[in-house]
Amino acid sequence: MKNINQIYINGAFVTPHGTETFDLINPSNNQKIGTVTLGDEEDTRMAIAAAKEAFKSFAKTTREERISYLQKLQAAVSKREAELIDVMVLEYGGTFQFCKASTQHAIHAFSSMIETLREFDFEKRVGHSKVRLESLGVAGIITPWNASNSFICNKLATAIAAGCTVVIKPSEMSALQTQLIAECFHEAGLPDGVWNIVNGLGVVVGAEMTGHPDIAKISFTGSTAVGKTIAKGAVDTMKRVTLELGGKSPNVILDDADLNTVIPMAVLGAYMNSGQACIAPTRLLVPEDKLEEVNAIAKAAAESVKVGNPQDKDTHVGPLVSKKQYERVQSYIRLGQEEGATLLVGGEGQPNGLEAGNFVKATIFTNVNNEMRIAREEIFGPVLSIIPYKSEEDAIAIANDTTYGLAAYISSSDTLRANRVAAQISAGRININGFSHDPQAPFGGFKQSGIGREFGAYGLEAYLEPKAVLE
Ligand code: NAD
């Protein structure tokens, strides 16, 4: 049992003013593993004041100083990689495979931002003016539970590169992971007040950050509903916002793709991070005349997926983060059947022997129509919808018929054709023939998947304000 009863303000772990506590539950067995004391509005204001004070000198740091801070952060986080993975598996229930990759993303966020910073021009000539990109100010960072430390490290690295100071509010469900990353950041020895962390509820700490006049920007990753609340609240003080929100990403299998290769990959892709991934390809679009063949391959692929103990190195799908998420996903599995989709594999209830935790069966619906709610709403669990299409044109129309636009995936044996299709799909990130990651390429959504971009130079610009000096 671990009790997290401190937050981090102005270079020190301190006891919060808030006294309410929140239970931390192991999603694999629903046993209590700790508590976190939640910060309140006053804690938030103190953290913002510390960040505001630190900004005065931090904004004046040189590129070399910022690189040195990023190197120290990376070294401190790397040193505790194994512990960071273990605590993520325990508290979040992410599979070992996923938690390892996610922790490596967290570590590489710093080196990747160093690479961007070395090349970045903070001063340019435009017309007859000098344009300087200046640090925005204090950034508020609000993150979800599904890859908590990776989001925190990426956003912190970008803010540091830009000369901004930060107040971080992670999900209250990630407090054990937050404690460990805070210890790493502390060891890196940055100036007091440059980074601050307040554990707490979104409606308390997050809302205070959103409304506070001394925060210049909010970088938020989470649900579209909360993203809209933040955007509305932020406008009163004209804060800049970067919003990384939900998705319902299409995976378009063109008729020349090798089904035996791409369908098993598509199934595993939909189940990435136990299905709790904003970029998961949850709508599998396949040629109508190949539906039967696709169903057979997809069913076999889902049946070979290991759902179970997230500590096992070969587990693909672990428990969902909470009982609430489990119930939510169950309700979508019921809904899919009520809407008339064909349940191909999986279904309601827990897999045998896994009744103690929030485990969901690897589930696939086929004969799904894009009008059904299971095809339109983010389920955030291991549930894939197979949607047949009639022609390439029809596939593109279905792919775009969504309020989201975070990611899309295309498989074809002809990459020129896949690129032609990619040009017609509205999504911020499109993967052709696979699932790769590029930490330098912009990441973010079209439509209701968000506003702005993260990573690389696009991400860095979002923490800067252009000032034109006309000479
Ligand atoms: P959430 O939106 O419920 O919460 C995210 C964070 O916002 C948490 O820290 C929460 O405490 C805080 N929050 C809640 N209400 C708030 C308010 N009124 N004001 C300010 N902050 C508030 O999301 P979640 O359930 O933690 O995460 C799952 C969601 O995140 C999914 O919709 C998923 O698609 C999305 N997500 C998006 C990306 C991306 O990069 N686009 C990545 C991961 C997850």
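The centres of domain 1 and domain 2, taken over C-alpha atoms, lie 31 Å apart in this predicted model. Domain 1 is assigned in two segments, 2-245 and 447-470. Domain 2 covers 250-432. Their contact draws on 23 residues from domain 1 and 34 residues from domain 2.

How much area is buried between domain 1 and domain 2? The size of an interface is often expressed as the accessible area lost when the parts come together. Here that area is about 2300 Å². Carbon and sulfur atoms give 54% of the area buried between the two domains.

Next, the polar side of the interface. Between domain 1 and domain 2, 15 residue pairs are in polar contact, with both residues at pLDDT 80 or more. Salt bridges across this interface number 0 by the rule applied.

Now take the side of domain 1 that touches domain 2. Two helices, α3 (81-92) and α4 (96-119), each supply at least two residues to that side. The largest share comes from α4, with 3 residues. Sorted by class, this side of domain 1 has 9 nonpolar, 11 polar and 3 charged residues.

Turn last to helix α7, residues 202-211. Which residues of α7 are buried? They are V205, G206, E208, M209 and T210. Both helices and strands help to cover these buried residues. Among the covering helices are α1 (41-58) and α8 (224-234). The covering strands include β8 (138-142), β9 (165-169) and β11 (217-221).

Definitions and conventions
Residues numbered from 1 in each chain as written. Predicted model: local features only at pLDDT ≥ 70, side-chain atom pairs only at ≥ 80, totals over all residues. Heavy atoms only, no water. Domains from an automatic or database assignment. Contact = heavy atoms within 4.5 Å. Buried area = accessible area lost by both parts, 1.4 Å probe. Salt bridge = Lys/Arg side-chain N within 4 Å of Asp/Glu carboxyl O. Polar contact = N/O pair within 3.5 Å; in protein donor to acceptor, adjacent residues only side chain to side chain. Helix = DSSP H or I, 4+ residues; strand = E, 2+ residues; numbered from the N terminus. Nonpolar A, V, L, I, M, F, W, Y, C, P; charged D, E, K, R; others polar. Buried < 20%, exposed > 50% of the residue type's maximum accessible area, 1.4 Å probe, protein only.
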